[in-house]
Amino acid sequence: MCRHAAWLGAPRTLVTLLGEPRGLLGQSYAPRLQRGGRVNADGFGAGWYVPGRRAPLRYRRSVPIWADANLPGIASVARSACLLAAVRSATPGMPVEESATAPFTDGRRLLSHNGRVAFKAVEPLLDGRVPESACDSAWLAAAVFARLAAGAPLGDAVADVVVRAGTDDPGARLNLLVADGRGLAATAWNETLFLHLGEWGEDHDPSPAEGHGGTPFAGEPPDDEESWTRNHHANPAEGHGDTPFAGEPPDDGAGWNGDGDMSSGERGEGARGTLVASEPLDDRPGWDAVPDRHLVLATPAGVRLRPL
Ligand code: GLN
């Protein structure tokens, strides 16, 4: 089982997702909630968005993440309002090669998959697209990208592929994580998924109607997605067109730097934004399990949860 994670919010470096001890680097050799596989050593990848460039930058390799001596330096300067990363444990029978490694990209989009699915369940969804690799995740990526290219909204494209493939293959595990630079969509479908909504900004007005003690997923599964909307990191001052929050000056960001310090101070106090991950990236309070068969949709306007 792979592990993946994404961030949407004030600009942060990739250390936010990778930093030890609990980030994806640590999860590559010591995952805590992984159901299958003990290490994620069949490759890794990351994607991030930078101002002035429509497509994300993507860095992926088919070696274990801990074997890439260049990564700490790259991670310490790869700063963005929208980050996505993954470490891979290849499903038996799947190729171990760079083109089978997430994140997959198409235009503005980045996609990662944690799980497995029968090819025959995805084939009808490809709509003429040729997957990049003979890996089930690449097939799912092609199916989602086909829908997005046809104009489907991010959440709808992801939900359609997961529900149809998951219905056709009841044994499928379909945790997808998709970014487009402005938002994130993530599914929980037979694998764990966690959400951290970050620090509340001063603009947050805890309304009694929310009534979840600051833990939006602690209560009943929502039946009305709007009632679960949080505007915790919406801030007009941070909007800069295509790249949300891109204008904010960088902070110094203690953390995984080029000198090999791989602590994860980047996720520390005051981080304003949303983290989505297969399992918590640190031991801070505030991580909530997303109920199975749900879609998480995060944008600068808030986070919504939708049953699938
Ligand atoms: N099936 C995918 C692969 O082989 C994802 C595997 C996983 O989640 N471990 O890469």
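The exchange below concerns a predicted model and takes up a tryptophan in a loop, the nonpolar core and one strand.

Colleague: Is Trp189 buried or exposed?

Modeller: Trp189 is placed in the loop between β8 (184-188) and β9 (194-196). A residue is taken as buried if 20 or more other C-beta atoms lie within 10 Å of its own. Because Trp189 has 22 C-beta neighbours inside 10 Å, it counts as buried.

Colleague: What distance separates the C-alpha atoms of Trp189 and Leu295?

Modeller: Leaving aside neighbours within four places in sequence, the contacts of Trp189 include Val162, Leu174, Asp292, Arg293 and Leu308. Leu295 lies 106 residues from Trp189 along the chain, and the separation of their C-alpha atoms is 8.8 Å.

Colleague: Which helix gives the most to the largest nonpolar core?

Modeller: The largest nonpolar core has 77 residues, and Val144, Val158 and Val276 have the most contacts inside it. With nine residues, the element that gives the most to this core is helix α5 (residues 136-149). Apart from neighbours within four places in sequence, Val158 is in contact with residues including Leu176, Leu295 and Val144. The helix asked for is therefore α5.

Colleague: How many of the five residues of strand β2 are buried?

Modeller: Strand β2 pairs in the antiparallel sense with β3 (residues 57-61) and also with β4 (residues 79-87), in each case over five bridges. Phe44, Ala46 and Trp48 are buried on one side, while Gly45 and Gly47 are buried on the other. Strand β2 (residues 44-48) is largely enclosed by the rest of the structure, because its buried residues number five of the five.

Colleague: Which residue of β4 stands opposite Trp48?

Modeller: On the β3 side, Gly45 has Arg60 as its bridge partner. In β4, the residue opposite Trp48 is Leu83.

How values were computed
Residues numbered from 1 in each chain as written. Predicted model: local features only at pLDDT ≥ 70, side-chain atom pairs only at ≥ 80, totals over all residues. Helix = DSSP H or I, 4+ residues; strand = E, 2+ residues; numbered from the N terminus. Buried ≥ 20, exposed ≤ 12 C-beta atoms within 10 Å, placed from the backbone. Contact = placed C-beta atoms within 7 Å. Core = buried A, V, L, I, M, F, W, Y, C linked by C-beta atoms within 7 Å. Pairing = 2+ DSSP bridges.
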